[in-house]
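Work through the exercises below with the sequence and the model side by side. Try each task before you read its solution.

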Amino acid sequence: MSVIRSAVTGVGSYLPEQIVTNDDLSEIVDTSDEWIIERTGIRQRHKARDDQPTSDLAVEAARRALADAGRDPSEVDLIVVATTTPDMTFPATASIVQRKLGAPTCIAFDVQAVCSGFVYALSVADGFVARGHAKCALVIGAEEMTRLMDWTDRTTCVLFGDGAGAFVVEPREGQGTTADQGVLGFALRSDGTKTDLLYVDGGPSSTGTVGHLRMAGNQVFRHAVVNIAEAITAACQAAGITVPEVDWFVPHQANQRIIKGVGDRLGLDEHKVISTVAMHANTSAASIPLAMDAAIQDGRIKRGDLILLEAMGGGLTWGACAFRF
């Protein structure tokens, strides 16, 4: 049976030039390189310039993804930006990206699911592309999490960084099997009773301020390992595959201990796990496409590989996606 699937045809990423090492952070907060590495696996993170808004990062990642797909901004008809650090309260960062890219009048909007945002955004784009409502979609995860840091809180400020990554998503005809190129299955979740575990203490309608990120780290860790594993299992079932069949596991880069915990719980071969958290830290919605692009560039991920994505963020939100690259 012939089916249309939404396929990832291009991948690109961008990291700001400034690198902040653990030693740099030890000069402004009570921490150390050893303390951070032991608890998180993070060695450094990137930080955007003061005059470099989130849309600038998103545009550069989008340009690279379009080039990888052999597409031009003039062909783009859908832009979905996953971000929790938009340029402005409104308009959507996606609209600003559209203007800066020089893309034509099209569908453009943001998705806000914090660290899970990219998986959510990909599912939204899948709904447009696989049903014939878009032919060349940009799915972008772009974040400047350093803008939300309380630089006196060593439990959170060491965890996050800035960056952007993008997928070009286009329709591809398949036979309705797991050998098809394209998205095979999703599982998305949210539990609003857990908002107090990971949140920002500000907002337009509450405090009128941007606020700072607050997190109950130990509780988030416990929920992450169990919930992510369940979503991965559900996504694989929806895709008609099993976890051992997966060629590469590209998780949200929150913390090396969470990545390892999920892998161990699922019995994943550690050599199949893509980890960039040491060099990028937690870039929230940008972390999955950043990690995916890094693994493509170093030759690990290749066309035809079966990929599994997962993420968990504030909300609490979490989810997973399986697709054939």
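**Exercise 1. Locate Val114 and describe its backbone.**

Step 1. Place the residue. Val114 sits in the loop that runs between strand S5 (107-111) and helix H5 (117-129).
Step 2. Read phi. Val114 is not a glycine, yet its phi is positive, about 55°.
Step 3. Remember the source. This is a predicted model, and the angle of about 55° at Val114 is a computed value.

**Exercise 2. Find where Ala281 lies, and decide whether it is buried or exposed.**

Step 1. Ala281 belongs to the loop between H8 and helix H9 (287-297).
Step 2. Its phi is positive, about 60°, although Ala281 is not a glycine.
Step 3. Apply the cut-off: buried means under 20% relative accessible area. Ala281 has 0% relative accessibility, so it counts as buried.

**Exercise 3. Move into helix H9 and list the contacts of Ala291.**

Step 1. Ala291 is part of helix H9.
Step 2. Its relative accessible area is 0%, so Ala291 is buried.
Step 3. Set aside neighbours within four places in sequence. Ala291 then contacts Val250, Gln253, Ile274 and Thr276.
Step 4. Take Thr276 from that list. Ala291 and Thr276 are 15 residues apart in sequence, and their C-alpha atoms are 5.8 Å apart.

**Exercise 4. Describe helix H7 from its start to the residue that follows it.**

Step 1. Start at the N-terminal end. Asn255 caps H7, with a side-chain oxygen 2.7 Å from the backbone nitrogen of Arg257.
Step 2. Pick out the buried residues of H7 (residues 256-266). They are Ile258, Ile259, Gly261, Val262, Gly263 and Leu266.
Step 3. Look at the spacing. An α-helix has 3.6 residues a turn, so residues three or four places apart point the same way.
Step 4. Find the partners. The buried residues of H7 pack against helix H6 (217-239), strand S11 (248-251) and helix H8 (277-280).
Step 5. Finish with the residue after the helix. Gly267 follows H7 and has a positive phi, near 70°.

**Exercise 5. Do likewise for helix H4: which residues are buried, and what covers them?**

Step 1. The buried residues of H4 (93-101) are Thr93, Ala94, Ile96, Val97, Gln98 and Leu101.
Step 2. Their cover includes helix H3 (54-69), S4, S5 and S6.
Step 3. Gly102 comes just after H4 and takes a positive phi of about 80°.

**Exercise 6. Characterise the cis peptide bonds at Phe90-Pro91 and Gly315-Leu316.**

Step 1. The bond from Phe90 to Pro91 is cis, with omega near 10°. Pro91 lies in the loop between strand S4 (78-82) and helix H4 (93-101).
Step 2. Gly315 and Leu316 are joined by a cis bond with omega of about -20°. Leu316 lies in the loop between strand S12 (306-313) and strand S13 (317-324).

**Exercise 7. Trace the surroundings of two buried polar side chains, Glu144 and Ser6.**

Step 1. Glu144 is in strand S6 (residues 137-144). With 2% relative accessibility, Glu144 counts as buried.
Step 2. The Glu144 side chain reaches the backbone nitrogen of Thr54 at 3.2 Å. Beyond four places in sequence, Glu144 touches Ala48, Gln52, Pro53, Thr54, Leu57, Thr85 and Asp162.
Step 3. Ser6 is in strand S1 (residues 3-14). Its relative accessible area is 1%, so Ser6 is buried.
Step 4. The Ser6 side chain makes a polar contact with the Asp126 side chain at 2.3 Å. Leaving aside neighbours within four places, the contacts of Ser6 are Asp126, Val129, Ala130, Val169, Glu170, Gly182 and Val183.

**Exercise 8. Sum up the chain: how compact is it, and how much of it is buried?**

Step 1. Count the elements. The chain has nine helices and 13 strands.
Step 2. Compare radii. The radius of gyration is 18 Å, close to the 20 Å from the globule rule for 325 residues, so the chain is as compact as a globular protein of that length.
Step 3. Add the extent. The C-alpha trace spans about 60 × 45 × 40 Å along its principal axes.
Step 4. Check burial. Of the 325 residues, 56% count as buried.
Step 5. Check the contacts. Among those with a separation of 6 or more, 76% join residues 24 or more positions apart.
Step 6. Inspect the surface. The chain exposes about 13,000 Å², and carbon and sulfur atoms supply 50% of that area.
Step 7. Locate the charges. The mean positions of the 28 positive and 40 negative charges are 3 Å apart.

Definitions and conventions. Residues numbered from 1 in each chain as written. Heavy atoms only, no water. Helix = DSSP H or I, 4+ residues; strand = E, 2+ residues; numbered from the N terminus. Rg over C-alpha atoms; globule rule 2.2 N^0.38 Å. Buried < 20%, exposed > 50% of the residue type's maximum accessible area, 1.4 Å probe, protein only. Contact = heavy atoms within 4.5 Å. Areas by Shrake-Rupley, 256 points an atom, 1.4 Å probe, with all protein chains shown as cover. Lys, Arg positive; Asp, Glu negative; His and termini not counted. Charge placed at Lys NZ, Arg CZ, Asp CG, Glu CD. Polar contact = N/O pair within 3.5 Å; in protein donor to acceptor, adjacent residues only side chain to side chain.
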